[in-house]
Every structure is written in C-alpha cells, then in structure tokens.
Amino acid sequence: NQSTLNRLRSTYPQAYLDSSSQGNFVNTGAFRDRNSAFARMFELRSRGFDARVVYRSVSYR
C-alpha cells in the first residue's frame, strides 16, 4: 500500500507499487541474479517487512 511504499522509499527511492498473480506489492528492485534478490529479501525481512522474491519471465530483444 501507499504507506509501505512511502516508508521504503526513504531507503529505496526507486521503489514502486507493482502486482503479480499473487496480488499487489511494493517492488524495491529487479535483479539479474538470485543471490542479489535474496539478499534484498533478507534485508527487508530484518527490517520487519513481509518480503519475498517474485520471479518473472523476461524476454530481451
């Protein structure tokens, strides 16, 4: 929600509201490798956020 987005933007200015098949969420970044994505997830969890990694299929042209 907007409140969570505002809190996260102080640390992650690029954060934005997003959605997936599981629902709406705040996206704090996109990563090319799994380790970076999981590092962010654990960082957010340590700060009290319900964080998870969402995998998306990307096509580069």
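**Exercise 1. Work out what share of the chain's contacts with a separation of 6 or more comes from residues 24 or more positions apart.**

Solution. Take the contacts in the chain with a separation of 6 or more, then pick out the pairs 24 or more positions apart: they account for 32%. Keep in mind that you're working on a predicted model. For context, the chain has 61 residues, and 23% of them count as buried.

**Exercise 2. Lay out the fold: which elements are there, and in what order do they run?**

Solution. Start by counting: the chain has two helices and two strands. Next, read from the N terminus, and you get α-β-β-α. Now put residue ranges on them. The helices are α1 (2-9) and α2 (34-46), while the strands are β1 (16-20) and β2 (23-27). Finally, check the overall extent: along its principal axes, the C-alpha trace spans about 35 × 20 × 20 Å.

**Exercise 3. Find the largest nonpolar core and say which elements give two or more residues to it.**

Solution. First, list the members. There are nine: Leu-5, Leu-8, Tyr-12, Ala-15, Val-26, Met-41, Leu-44, Phe-49 and Ala-51. Then sort them by element, and α1 and α2 turn out to be the ones giving two or more. Now zoom in on Ala-51. Skip its neighbours within four places in sequence, and its contacts are Met-41, Leu-44 and Arg-45. As background, nonpolar side chains tend to be buried together in soluble globular proteins.

**Exercise 4. Is Asp-50 buried or exposed?**

Solution. Locate the residue first: Asp-50 sits in the segment after α2. Its relative accessible area is 66%. The cut-off for exposed is over 50%, so Asp-50 is exposed. As a distance check, go to Ala-30, 20 residues away along the chain: the two C-alpha atoms are 17 Å apart. For the chain as a whole, the accessible surface comes to about 4900 Å², with 47% belonging to carbon and sulfur atoms.

**Exercise 5. Describe the largest pocket: what is its volume, and which element gives the most to its lining?**

Solution. Begin with the volume, which is about 1000 Å³. Next comes the lining of 34 residues, where Phe-25, Gly-29, Arg-52, Val-53 and Val-54 lie nearest the centre. Split that lining by class and you have 18 nonpolar, nine polar and seven charged residues. Then go by element: α1, β1, β2 and α2 each supply at least two residues. The top contributor is α2, with six residues.

Terms used
Residues numbered from 1 in each chain as written. Predicted model: local features only at pLDDT ≥ 70, side-chain atom pairs only at ≥ 80, totals over all residues. Heavy atoms only, no water. Core = buried A, V, L, I, M, F, W, Y, C linked by side-chain atoms within 4.5 Å. Buried < 20%, exposed > 50% of the residue type's maximum accessible area, 1.4 Å probe, protein only. Helix = DSSP H or I, 4+ residues; strand = E, 2+ residues; numbered from the N terminus. Contact = heavy atoms within 4.5 Å. 1 Å grid on protein atoms, 1.4 Å probe; cavity = no way out; pocket = protein on both sides within 12 Å on 5 of 7 lines; lining within 4 Å. Points joined across faces, edges and corners; volume = space filled by probe spheres on them. Nonpolar A, V, L, I, M, F, W, Y, C, P; charged D, E, K, R; others polar. Areas by Shrake-Rupley, 256 points an atom, 1.4 Å probe, with all protein chains shown as cover.
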